[in-house]
Amino acid sequence: MSLLDVRDLSIVFSRRGRRDVRAVDEVTFSVAAGETVGLVGESGCGKSVTSLAIMGLLPKRGAAVGGSIKFDGTELTSLPADKMRGLRGRDIAMVFQDPMTSLNPVIPIGLQVTEVLRRHRDMDAAAASKEAASLLERVGIPDPARRLKEYPHQLSGGMRQRALIAMALACKPRLLIADEPTTALDVTIQAQILELLKELVVDSGTALVMITHDLGVVAGMCDSVHVMYSGRIVERASRWELFEAPRHPYTAGLLASVPRLDQARGEKLEPIPGSPRDTIPWTQGCAFAPRCRNRIESCTQGAPELVADKLRPDHDLRCFNPIDVAEQEAVTL
Amino acid sequence: MLRFIVRRLLLLIPVLWGLSVALFLWVRALPGSPAQALLGERATPEKIRQIEIALGLDQPLYVQYWRFLEKALRFDFGTSIQSSRPVVEEMGRRFPATIELGVTALLIAVLIGIPVGYFAARRHGTWLDQLSVSASLVGITIPVFFLAYMLRYVFANQLGWLPNTGRQEARMLDVEHPTGFYVLDAIVTGNGPALSDALLHLVLPAVTLATIPLAIIARITRAAVLDVLNEDYVRTAEAKGLTARTITRRHVLRNAMLPVSTTIGLQFGLLMSGAILTETAFAFEGVGKFVAQAIPSRDYATLQGFILVIAALFVLINLLVDISYGLIDPRVRVR
Ligand SMILES: Nc1ncnc2c1ncn2[C@@H]1O[C@H](COP(=O)(O)OP(=O)(O)OP(=O)(O)O)[C@@H](O)[C@H]1O
Ligand code: SF4
Ligand SMILES: [Mg+2]
């Protein structure tokens, strides 16, 4: 049985005087213990709200969650708030996008680490601060004893993200959700943080949901990848398959816009035409249709379902006219 | 931190000196003169001249100022012509009364305003929130005199639960007052009846004086908590699975208190001006009433002395606010 099982998740935001926003729909995926799963898509496709739904952190009013989220067999969508609090930070932890704003500016780093330990691991103050120092050391923060006494504004962005990772890993969670953990950082720091996550999370057997809009991030660490578009999963495959032979036109577009080492110098990157806002509702057809090169007539007459790819096992697709594998080969050659 | 405090205290010297000059000139620029005010109808040029010589008002301004400064440094502010008593003695009687009233009012404002603001924010958009917002609007706009008379009418005249005016009952006149703070005095001397008497007399004036600061503090707290609840670090705290109590105290309130503490400091000026109206409405023998009366009677000595002390208190309280701000927020902490 998998550790995390998300089935038919839907998230609808409603506000008085406005039309309901169906931010996520029909999202189904699972994460096995120790597995690393990528959730990829452009801005606004619903990655963050999906992760917040798993954490039980969506606003209580105005956000309706449908479907089921099972963690280790426990249904989370109907779990009482205090039980969920007991789970968060201990069994499921999360690292957010912006380390500059994710730390409390008025209390020392040390307390922000020890408060998790004391809450979930029942440590006394002395044991917790010893453990906090060793956690900071593990995430590569030099001179941890001093850093514990410092405040967030005294640390650089990269150091803050390391501290946030230390807090997330403090209770040895079984699942970590990282929501674009490197987007707000400098390129060189990005690589270091990814390396750190790989080392501490992936190699230690903690399951990881890696949320990103950058396929380059996924390429380095994920076992399987889910590509989202406009609130739904449009393609899922193992990392190798997805990079070798993307079948969904949107995935192919994303791949074509990632700079590659084997790319000839001067060769132009091809961004996907249009923007994520050029979309049609899934109820009327494929949301990607307005931007799709492979569009055929049926694409705007009804929504495609997510089904197993006829050509390949373990590869799911939501597309009426996927990219031909033979054609793919021709493109890569 | 210590150097910061000392520096701020030293800064007090030029501030007070500048203020003393301005004050000195201002009271003398008021139309009319003390002699005229004293004599009223009976004023004749000779009598006025006599009194002016007695008060030293015939001397050139710089001589008068020099005399004033010389005495003020020895904490002698001359004699009040309203009460014919030394100004310092009046201060000793009246500052405790006003401080007691102001502190009680501020306590009411803080102890009610912060929780009201917090719960309004937590129930943002519900009728409870809307109720608190409209109530605070009423609190800010209601005229102090009107409120004072309403409260007196209902609670003193009609229900008879609370005393109408003053600081103590006539039968308490022989109670000892070592400090002038009646509540404190009653506690120190272990006098139960005097304590309840002093407290009962404080209720209506303090509630009156507290309304505006209470409404302002509630509004600022509500806005600050709403801001903080949307902060990423609160989401981080939630993601850690901390208890609701820890999140509220450590992550929400602590940050929300930054703007609130500044507001509380600013309330002091408001309390002083509110005290004039409140003390007059409740015949509460404090600073406000005395200073207000000093203007029509051209009581130079009282105006100069009292306003200087009020200004010094103002600076000291703002220093306390800055220190507390530094204690809450490490980013502005002075090393
Ligand atoms: N509180 C909310 N109220 C209403 N709509 C919301 C709310 N939060 C998110 N949405 C909507 O849900 C959709 C998905 O947002 P989400 O933040 O999950 O995108 P994302 O994939 O994480 O994008 P990004 O890469 O920008 O982080 C957006 O279109 C957004 O408008
Ligand atoms: S369903 Fe049609 S429009 Fe949508 S991605 Fe496939 S080919 Fe393009
Ligand atoms: Mg996001």
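In the UniProt record, an unreviewed entry, the feature "transmembrane region" is placed at residues 101-121, 133-155, 198-218, 256-277 and 306-328 of chain B; UniProt positions follow the numbering used here, feature names are shortened, and annotations may be inferred rather than shown by experiment. The model is predicted, so local features need pLDDT of at least 70 and side-chain atom pairs count only at pLDDT 80 or more, while totals for chains, interfaces and linings use all residues. Residues are numbered from 1 along each chain as its sequence is written, chains are lettered from A and ligands numbered from 1 in the order in which they are written, and side-chain values use heavy atoms, with hydrogens and water left out.

Two of these spans can be described in terms of secondary structure, where helices (H or I, at least four residues) and strands (E, at least two) are DSSP runs numbered from the N terminus. Residues 133-155 of chain B are 91% helix and 0% strand, with end C-alpha atoms 26 Å apart. For residues 306-328 of chain B the figures are 100% helix and 0% strand, and the end C-alpha atoms lie 33 Å apart. Chain B as a whole has 13 helices and zero strands, and its C-alpha trace spans about 85 × 55 × 40 Å along the principal axes. Of the 335 residues in chain B, 43% are buried, where buried means under 20% relative accessible area, exposed over 50% and partly exposed in between (1.4 Å probe, protein chains only). Contact means heavy atoms within 4.5 Å. Among contacts in chain B between residues at least 6 apart in sequence, 75% join residues at least 24 apart.

A good place to look inside chain B is F306(B), which is found in helix α13 (residues 300-328). F306(B) is buried, with a relative accessible area of 0%. Leaving aside residues up to four places away in sequence, F306(B) touches V87(B), E90(B), M91(B), R94(B), F95(B), V287(B), F290(B) and V291(B). One of these partners, R94(B), is 212 residues from F306(B) in sequence, yet the C-alpha atoms of the pair are 9.9 Å apart in space.

Turning to chain A, the UniProt annotation "domain: ABC transporter", from an unreviewed entry, covers residues 6-255. Over this range chain A is 39% helix and 25% strand, and the end C-alpha atoms are 26 Å apart. S10(A) has its place in strand β1 (residues 4-13) of chain A and is buried, with a relative accessible area of 13%. The contacts of S10(A), not counting residues up to four places away in sequence, are with R22(A), V24(A), D25(A), A64(A), V65(A) and G66(A).

Helix α10 (residues 249-256) of chain A is largely enclosed by the rest of the structure, because seven of its eight residues are buried. These buried residues are P249(A), Y250(A), T251(A), A252(A), G253(A), L254(A) and L255(A). Their cover includes β3 (36-40), α8 (215-221), β9 (224-229), β10 (232-238) and α9 (239-244) of chain A. L306(A) follows in the loop between α10 and β11 (307-308) of chain A and is partly exposed, with a relative accessible area of 24%. With residues up to four places away in sequence left out, L306(A) touches I233(A), V234(A), R236(A), D316(A), L317(A) and R318(A). L306(A) and I233(A) are 73 residues apart in sequence, and their C-alpha atoms are 7.6 Å apart.

P249(A) also appears in the surroundings of ligand 2, together with H248(A), C286(A), F288(A), A289(A), C292(A), N294(A), C299(A), C319(A), F320(A) and N321(A); a residue belongs here if one of its heavy atoms lies within 4 Å of the molecule. By class, this shell has eight nonpolar, three polar and no charged residues. Ala, Val, Leu, Ile, Met, Phe, Trp, Tyr, Cys and Pro count as nonpolar, Asp, Glu, Lys and Arg as charged, and the others, Gly among them, as polar.

Backbone geometry offers two last details. Most residues other than glycine have a negative phi. Phi of D122(A), however, is near 60 degrees, a positive value. D122(A) has its place in the loop between α3 (109-120) and α4 (125-138) of chain A and counts as exposed at 73% relative accessibility. In chain B, phi of A283(B) is positive too, near 45 degrees. A283(B) is found in the loop between α11 (244-281) and α12 (287-294) of chain B, and at 32% relative accessibility A283(B) counts as partly exposed.
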